[in-house]
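This report describes how a ligand is held in a protein model, and then turns to selected side-chain arrangements elsewhere in the chain. The sequence and the structure are shown below.

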Amino acid sequence: MTQIYDCIVVGAGPAGAAAAHTLGGSGVSTLLLERGEFPGAKNMFGGAIYREPTQIIIPNFVETAPVERNIVSDELWMMETDSAVKVGFTGLRFAEPPYNKFSVLRPRFDKWFADCAVERGAKLRNNALVRKLLYEKRPLGRRGPVTGVQLDGGEEIRSSCVILAEGVNAFLTKQAGLRGVIPAHALTLYVKEVLNLPEHKIEERFSLQPGHGAIVGMLGWSTAGIVGKAGVWTNKDSLSIIVGGYLNQIVESRLSPYHLLQRLKEHPMVKRLIQGAKVEEYMAHLIPKGGYNYQPKMFGDGVLVAGDAAVMVSGRRGTDLAMISGKLAAETVIHAKAKGDFREAMLSNYKHKLDDTFFMKDIQTRQNSLRYFKNYRDSDFLIASTANKVAYEFFSEDMATGLEKMTKLKQVVTHQQHAIKSLSDIYQAIRFWGPL
Ligand SMILES: Cc1cc2nc3c(=O)[nH]c(=O)nc-3n(C[C@H](O)[C@H](O)[C@H](O)COP(=O)(O)OP(=O)(O)OC[C@H]3O[C@@H](n4cnc5c(N)ncnc54)[C@H](O)[C@@H]3O)c2cc1C
């Protein structure tokens, strides 16, 4: 006999696990379907999760989640071939409750998160690739509401509604006609290696107390002319190193992402951090960077979309947006079940809830960010290169007078770019990005 659930959640990443966790505790019968061998098996990010948004879903996660390190130090390196201007902050207050953010490894974190949803009553099925959404049949071949899913192999499972938390590729969201294809200039591609290194070496190299962690973000030289970022995250006994950028630019540059990563690892300052570390894993993943203009319709008859599938990424944050959107989708379903109505009009409440969140407000404010990167493609490189040239000049202990030194510094800056153009760039950056 066909099983019927109130809700099927497709994908056990942060969005899907948060949705299943919320539904599981509310008496809504829930099936969480994950294509991987286990939740997190196929997932990758930098990365860090943030305490405040995660606590909204699992209040005691700090004590129970498999977090790697408690991040107390954030640095940004503006890089050149043989130098880096480093801006950073270390805050030991972040090492104390209530804490700020934690590095995690997705295969451990996602599995733990999905297990929490199961403890609350959701059912989890791994190795379950959803191929198709099922619809109620209407006259003249028209599609009615979503009534379930079909798995790879043909098995059909019925439900009153489906939450699509399937990540960036979002095949089902596209199938449902809710999202179009995202072009390469609105996607970034990142590659990552996890490098094993003993705990004490990590603490020595990053000047950390036991258990404390650091994140080093990198721009400029690190991406070889492609608009993007690189970075190193400290885990308990490994480092995560990533590099990437806009997909269209990676394709145009003909640089393989693997080559970009190996190039980064050869930079003298990066080499020092990772020396002796053994590669444990290599992965690649896309990020939907299109923002507001590429977000799908978030709901349809019997269906809701959450997380990366719904293009919910703001700056470097995505996991918390995924979790909160999953939770809000689940709350919409709980309300719909109470009313016995899973039609589009009822599920549209989800969009109202989303529009009220801090991240949707930010995503809307920054809706022209793609245009900014198109017009100011070289801004990161210019900033990094100017900062390094100025620093070399400033820290060169020569025989110039103070006044001569100032003149030299001004020359370095104006040689890079005319002062008026620099002022105009700063104005445009503020216009596009608004308050951070
Ligand atoms: C390099 C990189 C660094 C990042 N760093 C950070 C960071 O530091 N902090 C941060 O907050 N965010 C970061 N992000 C973003 C963050 O990882 C994503 O925003 C977040 O994982 C989105 O969660 P999700 O649940 O929507 O999607 P995903 O995490 O992609 O999960 C989707 C799940 O659905 C499953 N699935 C897909 N299709 C199907 C199907 N048809 N049937 C069954 N299962 C399916 C997948 O296997 C997967 O488990 C980073 C991303 C990348 C790529």
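From which domains does the shell around the ligand draw at least three residues each?

## Origin of the ligand shell

The model is predicted. Domain 1 (4-48 + 105-182 + 293-356) and domain 2 (184-288) each contribute at least three residues to the shell around the ligand. In terms of secondary structure, at least two shell residues come from each of α1 (14-24), β3 (48-50), β15 (278-288) and α10 (319-339).

The shell comprises 34 residues, of which E34, R35, R106, D308 and T319 come nearest to the ligand. By residue class, 17 members of the shell are nonpolar, 10 are polar and seven are charged.

## Polar contacts with the ligand

Two side chains approach oxygen atoms of the ligand. An N or O atom in the side chain of E34 is 2.6 Å from a ligand oxygen, and for the side chain of T319 the distance from an N or O atom to a ligand oxygen is also 2.6 Å. Both E34 and T319 are listed among the residues that come nearest to the ligand.

A nitrogen atom of the ligand is approached as well: a polar atom in the side chain of Y50 lies 3.1 Å from this nitrogen. As for coverage, the ligand on its own has 1000 Å² of accessible area, and the protein covers 95% of that area.

## Aromatic pairs

The structure contains nine aromatic pairs. One of them joins F61 and F102 in an edge-to-face arrangement, with 5.9 Å from centre to centre and 90° between the planes. This pair connects distant parts of the chain, since F61 belongs to helix α3 (residues 61-64) and F102 to strand β6 (residues 101-103), 41 residues apart.

Are the two partners buried or exposed? F61 has a relative accessible area of 0% and is therefore buried. F102 is also counted as buried, because its relative accessibility is 3%, under the 20% limit that applies to buried residues. Together with Y99, F61 and F102 form one aromatic cluster.

## A buried serine in strand β10

S159 is located in strand β10 (residues 156-164). Its relative accessibility of 6% is the reason why S159 counts as buried. What does the side chain of S159 reach? The partner is the backbone oxygen of C161, at 3.0 Å from the side chain of S159.

Technical notes. Residues numbered from 1 in each chain as written. Predicted model: local features only at pLDDT ≥ 70, side-chain atom pairs only at ≥ 80, totals over all residues. Heavy atoms only, no water. Near = heavy atom within 4 Å. Polar contact = N/O pair within 3.5 Å; in protein donor to acceptor, adjacent residues only side chain to side chain. Areas by Shrake-Rupley, 256 points an atom, 1.4 Å probe, with all protein chains shown as cover. Helix = DSSP H or I, 4+ residues; strand = E, 2+ residues; numbered from the N terminus. Nonpolar A, V, L, I, M, F, W, Y, C, P; charged D, E, K, R; others polar. Domains from an automatic or database assignment. Phe/Tyr/Trp six-rings, centres within 6.5 Å; stacked < 30°, edge-to-face > 60°. Buried < 20%, exposed > 50% of the residue type's maximum accessible area, 1.4 Å probe, protein only.
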